[in-house]
Amino acid sequence: MEKILIKNGRLVDPANGIDKKMDILIEDGKVKKVADFIVEDEDANVIDADEKAVMPGFIDLHVHLREPGFEYKETIETGSKAAARGGVTSICPMPNTNPAIDSPESVKDLLKRAECSPVHILPIGACTIGQEGKELADIEGMKDAGIVALSEDGKSVMDSALFRKSLKEAARLDLPMFSHCEDKALVEGGVMNKGQKSEELGLPGITNSVEDVIVARDIIMSKEAGNRLHLCHCSTADSVVLVEMAKKQGLPVSAEVCPHHFTMSDDEITEDNGRFKMNPPLRNRADVDALKEGLKTGIMEVISTDHAPHGKEEKDQSMLKAPFGIVGLETSFALGYTELVDKGVLTLSQLVEKMSVNPAKVLGIDKGNLAPGKAADIVIADITKEYKIDSSKFVSKGKNTPFDGKKVKGRVITTIVDGKIVYKY
């Protein structure tokens, strides 16, 4: 296996309290040595990372790869390559494929399809058979087959008694439950945040209570079941309040925020177009500020993308008809750096914690750490030069983003997975 020496980079490794100029030697897929200066070895591929940030590879807990069943939107190949381009070295695909990832056989099929992926694929299994909310899936069988978490993502298990059974099974098997918090009965055909902008555009709105009711329910039920709970794509101020309350009680509750929810508010929706339609929707400015504060204080400890690609013709229409979803794998670090680090909300080390260290903790895996002996999952990024996001250059099949043309900093230059270069700008 190739030996790689990364020279002169700013090593940002919060797991080990490092943020300084250091060299890293990679050998046999592992971090071999970290030092202020490492003499060049003629056998090593030397990467000069001068004025670049060198960080543990990002871990995205919330991704939709669409395969099997919706390959016209995305495939494991295109989605994993998009991850590599974004510096994401491990991704957790959600189970709402066709068929759903709801059995040991479907998990094994997914992992077989992912054998050629340039990044680590860590599958999430469905709570119920077919995600229909009627009968519990074979959770233990799926764990044995390789799932790292449970989720009914794309919907909530609205039958609370059945959800309690899934929580207890998750607790027994020590699997985190990833909750998509949405009370379907309260959506009432909404397509964007309910407020002044939805009234201006004449579109039905989605209130904050759609999310908040299920956040509260799932925290309360998880407390009873004794399982680990991870709240997906939180978008409201009260979600932050509820997560803080749970943490004050010492409950094993974690929560994620997506870049679109801390970057944009519904005020910035310029027209009735599907590229602005996502679930949860872009909320008001007060919610955005609360999410940023939650990230700053550490109440919200993870940044994930909810990468949800769709076909161009699906998204290029009214929000009344377009499906929910935004792509994010290729823009997450840049948006995080631009909106949070450059604006003084987080330090770069804190951003890396939320994109790498903390996601690894949620899953209970040994990643997000660049100490000698650890897996060489590494991202190198240029954080000095501004550039424009160009969706036409996305590797993902999905181009559905409202950030096309946005000026950002934080271009991923090199991505390394298990000591192998899988992306180079």
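What follows is a chat about helices, cores and single residues in a predicted model.

Visitor: Hi! Where should we start, maybe with what helix H1 packs against?

Guide: Happy to. This is a predicted model, and in it the buried residues of H1 pack against strand E7 (88-93), helix H2 (104-113), strand E18 (407-417) and strand E19 (420-424).

Visitor: And how many residues of H1 are buried?

Guide: Eight of the ten residues in helix H1 (residues 76-85) are buried, so the rest of the structure largely encloses this helix.

Visitor: Which ones are they, the buried residues of H1?

Guide: They are Ile76, Thr78, Gly79, Ser80, Ala82, Ala83, Ala84 and Arg85.

Visitor: What about phi just after H1?

Guide: Gly87 sits there, with a positive phi of about 80°.

Visitor: Let's switch to helix pairs. At what angle do H4 and H7 pack?

Guide: Helix H4 (residues 160-173) meets helix H7 (residues 209-225) at an angle of about 50°, and their axes are 9 Å apart. Oblique covers angles from 35 to 65 degrees, as well as from 115 to 145, and H4 and H7 therefore count as oblique to each other. Their crossing is right-handed.

Visitor: Which residues of H4 and H7 meet there?

Guide: From H4 there are Ser160, Phe163, Arg164, Leu167, Lys168 and Ala171, and from H7 Arg217, Asp218, Met221, Ser222, Glu224 and Ala225. That contact of H4 with H7 divides into five nonpolar, two polar and five charged residues.

Visitor: How does the contact of H12 with H13 divide, then?

Guide: Let me list its residues before the split. In H12, Ser332, Phe333, Gly336, Tyr337, Leu340 and Val341 meet Leu348, Leu351 and Met355 of H13. Of the residues in this contact, seven are nonpolar, two polar and no residue is charged.

Visitor: And at what angle do the axes of H12 and H13 cross?

Guide: Helix H12 (residues 332-341) and helix H13 (residues 348-363) cross at roughly 140°, with axes that come within 10 Å. H12 and H13 are therefore oblique to each other, and H12 passes H13 in a right-handed crossing.

Visitor: Now the largest nonpolar core: which residues touch the most other members?

Guide: Met55, Leu231, Phe333, Leu348 and Leu351 do, out of 73 residues in that core. Apart from it lies another core, of 18 residues, including Leu335, Phe394, Phe403 and Val408.

Visitor: What is Met55 in contact with, leaving aside neighbours within four places in sequence?

Guide: On that basis, Met55 contacts Val12, Phe333, Leu348, Val352, Leu370, Asp377, Ile378, Val379 and Ala381.

Visitor: Time for single residues. Is His260 buried or exposed?

Guide: His260 counts as buried, because its relative accessibility is 4% and the cut-off for buried is under 20%. His260 lies in helix H9 (residues 259-263). Beyond its neighbours within four places in sequence, His260 is in contact with Met278, Leu282, Thr305, Ile326 and Phe403.

Visitor: And Asp174, where is its place?

Guide: Asp174 is in the loop between H4 and strand E11 (177-179). With a relative accessibility of 51%, Asp174 counts as exposed, as the cut-off for exposed is over 50%.

Visitor: Which residues is Asp174 in contact with, sequence neighbours within four places aside?

Guide: Those are Lys143 and Arg228. The C-alpha atoms of Asp174 and Val148 are separated by 9.5 Å, and these two residues are 26 residues apart along the chain.

Note on methods:
Residues are numbered from 1 along each chain as its sequence is written. This is a predicted model: local features need pLDDT of at least 70, side-chain atom pairs count only at pLDDT 80 or more; totals for chains, interfaces and linings use all residues. Side-chain values use heavy atoms; hydrogens and water are left out. Helices (H or I, at least four residues) and strands (E, at least two) are DSSP runs, numbered from the N terminus. Buried means under 20% relative accessible area, exposed over 50%, partly exposed in between (1.4 Å probe, protein chains only). Contact means heavy atoms within 4.5 Å. Axes are lines fitted to C-alpha atoms, for helices over the stretch in contact, and angles run from 0 to 180 degrees between N-to-C directions. A crossing is left-handed if the near helix is turned anticlockwise from the far one by less than a right angle, and right-handed if clockwise. Ala, Val, Leu, Ile, Met, Phe, Trp, Tyr, Cys and Pro count as nonpolar, Asp, Glu, Lys and Arg as charged, and the others, Gly among them, as polar. A nonpolar core is a set of buried Ala, Val, Leu, Ile, Met, Phe, Trp, Tyr and Cys residues joined through side-chain atoms within 4.5 Å.
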